[in-house]
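Hi,

Here is the structure for your set. Please look it over before you read my notes.

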Amino acid sequence: KSLFSVIMDKYQEQPHLLDSHLEWMMHLLLDIVRDKRSPSPLVHLAFKFLYIITKVRGYKIFLRLFPHEVADLQPVLDMFADQNPKDYETWETRYMLLLWLSMTCLIPFDLARLDGNILSEEGCTRMPIMDRILNVAKSYLVVSDKARDAAAVLVSRFIIRPDVKQKRMADFLDWALSTLSKSSFQTMEGTIVMDGMLQALAQLFKHGKRDDCLPYASTVLECLDNCKLSESNQTLLRKLGVKLVQRLGLTFLKPKVAKWRYQRGCRSLAANLQFSAQVPVAQNLVIAADDEEEYDIPGEVENVIEQLLIGLKDKDTIVRWSAAKGIGRITGRLPKELADDVVGSLLDCFSFQETDNSWHGGCLALAELGRRGLLLPSRITDVVPVILKALTYDEKRGACSVGSNVRDAACYVCWAFARAYDPLELKPFVNQISSALVIAAVFDRDINCRRAASAAFQENVGRQGTFPHGIDIVTAADYFAVGNRVNCFLNISVIRELSTKALHNLTPQVPEYMTNVVLPRLLPLAVGTDLHTRHGAILACAEITHALYKLALSLSKMPFREDPIIDGWQWLINDSLRSLPLVSSTARQQIKEAAVSALAALCNEYYINEQREANPALQGELLQQYISELQNTEEMVRCGFSLALGALPRFLLKGKLQQVLEGLKKVICISRKDVSFAESRRDGLKATAKVCQTVGVKRNGPQDEFVCKDNVVQIYTMLLNGMSDYTTDSRGDVGAWVREAAMTSLMEVTLLLVQNEPELLDANICKQIMCCVAQQSAEKIDRFRAHAGSVFLTLLNFDNPPIPHIPHREELERIFPRSEAVTLNWNAPSQAFPRITQLLGLPTYQYYVLLGLTVSVGGLTETTVRYSAQSLFDYMKKIQNDLGAMNNFCETLLQVFEDNLLNDRVSVPLLKMLDQMLANGCFDIFTAEENHPFSLKLLTLCKEEIKKSKDIQKLRSSIAVFCGMIQFQGDMRKKVLFQLFLLLCHPFPVIRKTTASQAYEMLITYSDIVDPDILDEVMTVLSDTNWDAELPLVREKRNYLCDLMKVPKPQLVSKVECGVFAIEFS
């Protein structure tokens, strides 16, 4: 079923493609339904498939294909006896049966003839078929599933039969109206019942003949008025109410086409072309209403129209759209004078006292009237100004605005008018409409409105042929081009944040107009009360001023030196940086960058004297102020002022370098109170590198002015500290931002030094840089690994001049050939790890690369774990027979473990990695030797790591490692078994169960560690014991295992001695 549904859903957009297949699919499925041998689930499944087809193609098309012979009526009716209306699993069956019945009930014979002898064999009177069908329809009009919709279709087709309408129509309407009156839309049950009744009545008055329905129309309208559906919160009830009202209105009016309507051309394109060739003058006539047949308009019509006008103001679009269609249909049957009154009432919807709902509904109704030729040319002069206002309708509601639906509907009106009227009728309004549509297509902030305006403009260009520069504009601003907002505002418009840039683009075209007209209008708005207007006006002033500056219409250097306004600008920059915590995270970065950029420009222009130096008082005050802000309690303030210090020009840093570096050092260092300030540390590192680049390098220069031999170690210490930042919070590994900035800064400073004073780079610094970056290039996060790899290769391959003292340069160049530097994708674990693991063979890098690999091999990401582990195992295979290399590797591994004891970031993945290495036989060379030092040290470290731990993940990983270590010979096995038996009585049941399970698997793999005579007994105890039971019971079983395997029993220690909870020891 799900596969069939997926296939059919692909036809949703073009369901007509199914038409040639509908008949055979229906017969195939109905054969299953008709086969009495088909089990009930199969029948229901067949109906589900039929429903899926109906849903895609629409029931109106599918309905015609149902078999509707006389012989089909009785079987379909009989099927309803087996249906349970409350079985919500099989509602598709009932829905399709009702549709089938609505088709079979149309047989052209009196239904009484099918009853035959209505006396049953038992002598009881059988219910006539007419009543059976009616009862089925009534019963399903009040159910809560979709069968209710099909029941309404059945009613509309069954009640209008000649034999049924004579005998049952009045009774059915009485029942429906009575049920409707008794129901309330305040309850869910009442809403369902009212929905069914309204659907049935609307369908009945739609398909029934006017003469049959007219006697009942007034009664139905009165009942509908009493229901007060307009007060309901149920959208569908209000929509059905409007739908029924318009059907009643059409029943009151004779079905006729208004002779007074406006007609443009013919239906045939060929006839239109021939007509236009013969008669160039407009021949579109409004036929006079003098020859109209005079007849009285019932008083109920006024009530109907009033309700439809109210429906145009409804809060839901589907109700307004239904009301608009109703207005169009009913107006088409009214005399000319009354129709004109309807248009006048419609125009009242466009008062500015009305809501956007009223404007939207009014636009939809005007479009319907225009499309049907019911809006006469004499009214266009009243309508066009209203539509032009609707095209720019925008109403503020709190922090947002509404009106996009109104603008969209106004575009629909323009589209409808293009098709409805002759070009001569619209010619006086062409300039107004075309300008409004172009502005909407290019500058409306809503994509739907831009596309609607573009479509309306294109329709007018094609139909009217009078729009100026029509083809050129349609080509530049077509439906797809206007979908991209940036393209609209900046490219198509060359002619709000983005609209201000459009003003920037327009300034070169009319600079005088911008200077004399636009700027004076914007300046008052820039200090207005409305926040959004003020923001847009300030941006617009800035963009226009910038454009005028580029045109040299303003002075290239503004004469404000030593003017108080400079202090105002400096205050604005400082205030922007201090206010960063108050700004949304999306705008924060832009404001920060803009303020820092403005600071650099301001300093370079106004803070330097003729001797190219800074005013000492100003320099001291500015730096003191900025450095003090580096210790602000708000992280974002630290970020802003760190970057601001990095942007200061050299003359302001001269003589103050050490002071600045000390301030930045405090930002970069992690302290207990600001451990979460990762972003400020990141920006502090960036600023440090920028400051170094600004002041330059001079080996023997003063440390307050240059990067020199006296401060180079301090600078590198600051930057290298950032490489060990692994801070995490709710956002994840935020320390990665710091490490990324540290790598970039190290690269920038190193390249700066090597190009100016390479002697300042000593071997120890170069070693630390390359080792730290190598570690990062082996870690688990793809993006940061890629950045580390890029930095590593940049430093390795830089040759202008080459960076000195890089450890193992020749081996590195062999592992990373220059020819592959560009093609190597560090983001892909499959490419990165096979290369980086080769560094394990280089003693200088081994510790750092193994530390980085540990978190990758023991990580969570499947591809990272797979490729990093495989690369590690491949390396281990290469050195498996090299005892010296194995010893070195294992010593390094133990050193990494020891250095990171109780550091869960490393120790937990390290345990996972050890488990994989033991399982893959990476230490087979040591397993033959009894009590090998590696295994003893590893066991000691593992015991220390899990001591008093409550971390489930860590404990589980340690169990796997203990089980893997059983392969080592000698006393190790007893010690490992002791640790496992200790964990069999751990306070956490999940740990006890995990230990028992993994110990069982261990004994299957390494059965030689247990005497064969007791193996079965040991494995039975491990598998059959309920390790979730109370500890005394579990301890008894555990001690029994200790006795069997001759392992010392762990002894209890009192709570007072152990401090946290009772633990055991030998």
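Below are notes on the cores, one helix and one acidic residue.

This is a predicted model: local features need pLDDT of at least 70, side-chain atom pairs count only at pLDDT 80 or more, and totals for chains, interfaces and linings use all residues. Numbering starts from 1 along each chain as its sequence is written, and side-chain values use heavy atoms, without hydrogens and water.

Cores. The largest nonpolar core has 168 residues. (A core is a set of buried Ala, Val, Leu, Ile, Met, Phe, Trp, Tyr and Cys residues joined through side-chain atoms within 4.5 Å; buried means under 20% relative accessible area, 1.4 Å probe, protein chains only.) Helix 37 (residues 735–756) gives the largest share, 11 residues. (Helices are DSSP runs of H or I, at least four residues, numbered from the N terminus.) Tyr 845 is among the residues with the most contacts inside this core. Beyond four places in sequence, its contacts (heavy atoms within 4.5 Å) include Met 770, Phe 792 and Leu 839. A second, separate core has 155 residues, including Val 43 and Ile 433.

Helix 44 (residues 883–899). Its end C-alpha atoms are 24 Å apart, which agrees with the 24 Å expected for 17 residues at 1.5 Å a residue. (The expected span is 1.5 Å times one less than the number of residues.) Its buried residues include Phe 889 and Leu 893. Helix 42 and helix 47 are among the elements covering the buried residues.

Glu 757. It sits in the loop between helix 37 and helix 38. It is buried yet has no salt bridge (side-chain nitrogen of Lys or Arg within 4 Å of a carboxyl oxygen of Asp or Glu). The nearest side chain of opposite charge, Arg 699, is 5.5 Å away.

Best regards

Technical notes. Buried < 20%, exposed > 50% of the residue type's maximum accessible area, 1.4 Å probe, protein only. Helix = DSSP H or I, 4+ residues; strand = E, 2+ residues; numbered from the N terminus. Lys, Arg positive; Asp, Glu negative; His and termini not counted.
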